[in-house]
Amino acid sequence: MEFVAVSIEDSARFEQSLFKWASQFTHCANLRSNSGADYSYPDTNSFDFLLGCGAKAVYQSSQGDSFEGLKAFKDNRKDWLLGHFSYDLKNELEDLESTKPNRIGFPEMCFFVPLHLFKKDVTGWWYRGDADIHELLRD
């Protein structure tokens, strides 16, 4: 599935609307590039803003072969993956142990294939997903 261009006049307002709209989903991730900083990324595919929400598929791991499981999940999907690694994954890599409780209940690793993906780069806004982008923008 390819990205389609989206015509947006007020980026800041659109970002706020996206966050409000995305709050309905269990899985959501937002990445920002800090493009206003005094450095640039060498990657020609860089972006200023990325928001992925909704999940076509999810991989979670709480202990054990997390990295092997994530690799298999990635290899089977060949798609965008967004997610997180927790600090306690160090226990799988080294002979270490955590004594503090996980009070927020996040798994040690969670990645998802986003149902909706919004990207802003130097050329403008882009959408990739199954929904009619014009319907999403109307709300």
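The following conversation goes through aromatic pairs, salt bridges and a pocket in a predicted model.

Modeller: Residues are numbered from 1 along each chain as its sequence is written, and side-chain values use heavy atoms, with hydrogens and water left out. Because this is a predicted model, local features need pLDDT of at least 70 and side-chain atom pairs count only at pLDDT 80 or more, while totals for chains, interfaces and linings use all residues.

Biologist: The structure holds 11 aromatic pairs; why is the pair of Phe14 and Phe118 called edge-to-face?

Modeller: Rings of Phe, Tyr and Trp (its six-membered ring) pair if their centres lie within 6.5 Å, and planes under 30 degrees apart count as stacked, over 60 as edge-to-face and the rest as tilted. The centres of Phe14 and Phe118 are 6.1 Å apart and their planes stand at 70°, so the pair is edge-to-face. Phe14 belongs to helix α1 (residues 11-22) and Phe118 to strand β5 (residues 109-121), 104 residues apart, where helices (H or I, at least four residues) and strands (E, at least two) are DSSP runs, numbered from the N terminus.

Biologist: What makes Trp21 and Phe25 an edge-to-face pair?

Modeller: Their ring centres are 5.2 Å apart with the planes at 70°, so this pair is edge-to-face. Trp21 and Phe25 belong to one aromatic cluster, which also includes Phe14 and Phe118.

Biologist: Why does Trp21 count as buried?

Modeller: Buried means under 20% relative accessible area, exposed over 50%, and partly exposed in between (1.4 Å probe, protein chains only). Trp21 has 19% relative accessibility, so Trp21 counts as buried.

Biologist: What makes the contact of Glu15 and Arg32 a salt bridge?

Modeller: A salt bridge is a side-chain nitrogen of Lys or Arg within 4 Å of a carboxyl oxygen of Asp or Glu, and for Glu15 and Arg32 the N to O distance is 2.8 Å. Glu15 lies in helix α1 and Arg32 in strand β2 (residues 28-32), so the pair ties together parts that are 17 residues apart in sequence. Glu15 counts as buried because its relative accessibility is 11%, whereas Arg32, at 43%, counts as partly exposed.

Biologist: How do you know that Asp79 forms a salt bridge with Arg128?

Modeller: The closest N and O atoms of Asp79 and Arg128 are 3.0 Å apart, to be set against the limit of 4 Å. Asp79 counts as partly exposed because its relative accessibility is 25%, while Arg128, with a relative accessible area of 10%, is buried.
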